[in-house]
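Colleague: I'm new to this structure and would love a close look at one part of it. Could you pick a helix, tell me what it packs against, and then follow the trail from there?

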Amino acid sequence: MKFAGIIAEYDPFHSGHAWQLQAARRMGAGTVAVALSCGLTQRGAPPLLPEGVRAAAALDAGAGLVFALPAPWAMSGAESFARAGVALLAAAGCDALVFGAEDPDLARLTAVARVLASPDYRAALQGQLAAGARNFAAARQAAVRQAAPGAHLDQLLDKPNNNLAVEYCKAILELDTGLTPVPLPRQGANHGDPEAAGRYASASALRALWHREGPGALAPYVPAAALARYRAAFAAGEYTDPRAVSLAALSRLRARAGAGGFAGARGIAEGLEHRLDACVRQAVTLDGLCDALTTVRYPRARMRRLAMDAALGYGGPGPGWLTLPGLPPYLHLLAARREALPLLAGAKLPVSPSLAKLARENDLCARAAAAQAAASDFAALCRRAPGPMGSAYTAPFVKR
């Protein structure tokens, strides 16, 4: 492992993330590249802090290159999120992918990935869904048991980081990237743990702590250099206000409801456009909308992403919708150390710190850049001190 990659949100960057970067360097990586969620996160919301703050914190902790994982793929289910990140890092020239897992047993993670990529699993999954499985997660685990009886591989799929780790391994196999998967044990609190405790805390706990007490309360859980950046961002109002997210999203959704509906939105299936339309007309908060949309069959995370896809116009084909490529078509460089830049000479996708330049490459790049910019504009509006449009094109490149 000489040129390792990490797929991350860093929402916010904390001591567990710093440990992972340092572990990759200790294992032999001369350079670590990060594919960083840009504009939106998997949970269907803008990140707490802008890309520039999070990318700079990663450089402070030892990253060499930071690329944008553009919003349409950053805000997607585990399979799409993993495929996009793997594709970007492979195109950059990485030879390994480092990731956390609750059970970092590479042989078992790879075994599950192979099952998920098999025709037997796909047939079993369709059978479970047709038989009325209570939700997709339950159908997935049951299908793995059916496709690999007696191997007990389904037990790995009941933890969030294991799920993502398996999807990384599957993406590496299916995209034939040649990346070596390197699972590491997740440090400290589990993903989504609501309370910060010990040296390591989950990002969700730190976001909640920030909103309750401000960035100073994060001091025990984040590197000192990152904390200084967080204090500066707080003073400037450069952090997301959840109330603004709710109002901005509902405003866009109400306009959609009155202009022809949601049939073109990404993720719409099984008549969900009608359910979304009815719920939007009654909702007065984004959380309330997600509560109304959520059922046993349609989990909250998926419904929140669906609502944000509709608000931002991700979908199509058709007028008023942004039709997206299957994978990110460029490498948008957010931050770099000078000594790492020569590694990009062999990049297999267009690479630049300028999103405007990348948008001129071809139609796929233009569409992806438009979708990325739409999310950045939305996020800028939802900060405590709202920012103007165009930040995806004007944000300064962070260079050391």
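Modeller: Happy to! Let's take helix 12, whose buried residues pack against helix 11 (242-257), helix 13 (286-293) and helix 14 (300-312). Keep in mind that this is a predicted model. Helix 12 itself covers residues 272-282, and its buried residues are Leu272, Glu273, Leu276, Asp277, Cys279 and Val280.

Cys279 is a good place to pause and ask about disulfides. A search of the whole structure finds zero of them. Cys290 is in no disulfide, and the nearest cysteine sulfur, 9.9 Å away, is that of Cys279. A disulfide needs the two sulfur atoms within 2.5 Å. Cys290 is also buried, at 0% relative accessible area. Elsewhere, Cys38 has its closest cysteine sulfur in Cys365, and because the two are 15 Å apart, they are too far for a bond. Cys38 counts as buried too, with 2% relative accessibility.

From sulfurs we can turn to rings. The charged end of Arg256 sits over the ring of Trp321, 4.0 Å from the ring's centre. As for rings meeting rings, the structure holds six aromatic pairs. One of them joins Phe99 and Tyr168 in a tilted arrangement, 5.4 Å centre to centre with 50° between the planes. This pair links distant parts of the chain, as Phe99 is in strand 4 (residues 96-101) and Tyr168 is in helix 8 (residues 160-175), 69 residues apart. Both Phe99 and Tyr168 are buried. Finally, have a look at Trp210, Tyr230, Phe234 and Tyr239, which ring pairs link into a cluster.

Note on methods. Residues are numbered from 1 along each chain as its sequence is written. This is a predicted model: local features need pLDDT of at least 70, side-chain atom pairs count only at pLDDT 80 or more; totals for chains, interfaces and linings use all residues. Side-chain values use heavy atoms; hydrogens and water are left out. Buried means under 20% relative accessible area, exposed over 50%, partly exposed in between (1.4 Å probe, protein chains only). Helices (H or I, at least four residues) and strands (E, at least two) are DSSP runs, numbered from the N terminus. Contact means heavy atoms within 4.5 Å. Rings of Phe, Tyr and Trp (its six-membered ring) pair if their centres lie within 6.5 Å; planes under 30 degrees apart count as stacked, over 60 as edge-to-face and the rest as tilted. A charge sits over a ring if NZ of Lys or CZ of Arg is within 6 Å of the ring centre and within 35 degrees of the ring normal.
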